Amino acid sequence: MKRQIFAPEHDAFRATVRSFLAREVLPYYEQWEKDGIVSRDAWRAAGKQGLLGFAVPEEYGGGGTPDFRYSAVLAEEFTRAGAPGLALGLHNDIIGPYLTSLATDEQKRRWLPGFCDGTLITAVAMTEPGAGSDLQGIRTHAEDRGDHWVLNGSKTFISNGILADLVIVVAKTTPEGGAHGLSLLVVERGMEGFERGRNLDKIGQKAQDTAELFFHDVRVPKENLLGALNGAFVHLMTNLAQERLSIAVSAIAAAEHLLEITTDYVKEREAFGRPLATKQHVRFEIAEMATECAVTRTFLDRCIADHDNGELDAVHASMAKWWATELQKRVADRCLQLHGGYGYMSEFPVARAYTDGRIQTIYGGTTEIMKEIIGRSLLG
């Protein structure tokens with residue numbers, strides 16, 4: 001089915017992204033996977049190409065457009081290229097809204113130009129060793145010392161944790177406030193007491209640095225409070241719909257791409273003297289995956305359109321996230337099976353997609369949490 005949500009300018013942008021990937025990412029990606037981290041040069045190249053800060057006002061060097069369709073194109077093309085390590089979506093779609101909607105004018109002048117030109121890489125630090133999605137379990141805390149906060153605690157599984165120059169830290173600022181006693185504090189590279197732990201060894205997305213972060217009596221200026229004091233819970237909930245939609249967009253793109261390469265494979269691969277595509281079981285597998293992808297794509301495109309119109313709610317974003325990521329997981333497994341032994345070989349794209357995509361049902365809120373959100377909305 002022909003997609004209806006994109007205009008000619010989005011198609012032109014897609015061509016730009018593909019050219020960028022071919023020139024600045026794919027020639028180096030294998031080395032980044034070995035290194036466990038991407039080059040900062042790639043971030044600066046992305047900024048120069050205009051791939052950072054779509055929604056940031058032009059006065060700060062951004063694109064000046066909140067049109068999420070540009071982010072969708074970027075996510076789709078990076079997914080199809082098998083290059084999730086350069087986490088532009090995290091930077092643009094998850095962290096960007098905090099800075100554009102919550103930062104003061106002074107903070108915007110300080111941070112947004114670097115955010116847009118790729119010299120200032122960002123991360124958000126919420127997850128802790130003993131607290132994932134449960135905000136009430138957060139132990140990282142900040143004590144008010146008049147003109148600054150003293151921050152102590154640790155975070156883990158932080159994407160961009162090694163490269164990040166600016167980290168939005170979720171910390172407890174009112175101990176008795178529970179989830180409503182949390183604030184967002186911006187920690188910057190070089191602050192005394194801010195340390196990075198291991199670059200964590202993951203089963204997939206090897207090029208994307210994921211780290212432990214430690215805060216030992218870090219002096220955070222009062223000017224680095226982002227948003228309202230004790231307002232982190234509301235701020236986090238406000239931005240989750242776009243985060244989950246962004247993950248869902250990459251998930252359906254991954255499923256569609258896996259289906260494409262597997263369809264080509266079974267046409268060429270022979271078993272018992274005949275192409276696999278002649279086997280009824282294989283045709284049924286392809287038919288089922290194609291149908292599921294087509295139905296999911298229709299729903300996701302509707303969610304993208306609704307989001308651009310300010311109409312996407314948390315429930316439908318949760319539906320999109322859990323359904324698309326679980327579909328990605330199923331399709332990856334079935335496509336690997338259809339590749340047989342070759343599917344288990346790392347040099348085959350289906351093998352890398354299988355491991356790279358496994359995190360999708362976990363970060364941004366697990367499938368179980370998505371179902372809980374939907375269930376509560378229906379049942380109270």
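**View 1. Glu288 and Arg334 join their side chains in a salt bridge, 2.5 Å from N to O.** This is a predicted model, and here two distant parts of its chain are linked: Glu288 belongs to helix α7, Arg334 to helix α8 (residues 314-339), and 46 residues separate them. Which of the two is buried? Arg334 is, with a relative accessible area of 18%. Glu288 is partly exposed at 40% relative accessibility.

**View 2. Glu76 and Arg297 form another salt bridge, this time with 3.7 Å between N and O.** Glu76 sits in helix α3 (residues 68-80) and Arg297 in helix α7 (residues 280-308), so the pair ties together parts that are 221 residues apart in sequence. Glu76 is buried, at just 3% relative accessible area. Arg297 counts as buried too, at 7% relative accessibility.

**View 3. Arg40 reaches Asp165 through a salt bridge of 2.7 Å, N to O.** Once again distant parts of the chain are linked: Arg40 is in helix α2 (residues 40-49), while Asp165 is in the loop between β3 (148-159) and β4, 125 residues apart. Arg40 is partly exposed, with 25% relative accessible area, whereas Asp165 counts as buried at 13%. Step back to the whole structure, and a search turns up 31 salt bridges.

**View 4. Asp356 is buried, yet it has no salt bridge.** Look for it in helix α9, which covers residues 349-356. What is the nearest side chain of opposite charge? That would be Arg352, 4.8 Å away; since a salt bridge has to fall within 4 Å, this pair doesn't make the cut. A polar atom of the Asp356 side chain does lie 2.5 Å from the backbone nitrogen of Gln205. Leaving aside residues up to four places away in sequence, Asp356 touches Pro84, Gly204 and Gln205.

**View 5. Strand β5 (residues 182-188) is largely enclosed by the rest of the structure, because six of its seven residues are buried.** Strand β4 (residues 166-172) pairs with β5 in the antiparallel sense, over seven bridges. Strand β8 (residues 225-226) also pairs with β5 in the antiparallel sense, over two bridges. Leu184 is a handy landmark in β5: Val170 stands opposite it, and its bridge partner in β8 is Leu226.

**View 6. UniProt lists residues 123-218 as "domain: Acyl-CoA oxidase/dehydrogenase middle", in an unreviewed entry.** How much of this span is strand? The answer is 50%, with 0% helix. The C-alpha atoms at the two ends of the span lie 17 Å apart.

Conventions: Residues numbered from 1 in each chain as written. Predicted model: local features only at pLDDT ≥ 70, side-chain atom pairs only at ≥ 80, totals over all residues. Heavy atoms only, no water. Helix = DSSP H or I, 4+ residues; strand = E, 2+ residues; numbered from the N terminus. Buried < 20%, exposed > 50% of the residue type's maximum accessible area, 1.4 Å probe, protein only. Lys, Arg positive; Asp, Glu negative; His and termini not counted. Polar contact = N/O pair within 3.5 Å; in protein donor to acceptor, adjacent residues only side chain to side chain. Contact = heavy atoms within 4.5 Å. Pairing = 2+ DSSP bridges. UniProt positions renumbered as here; feature names shortened; annotations may be inferred.
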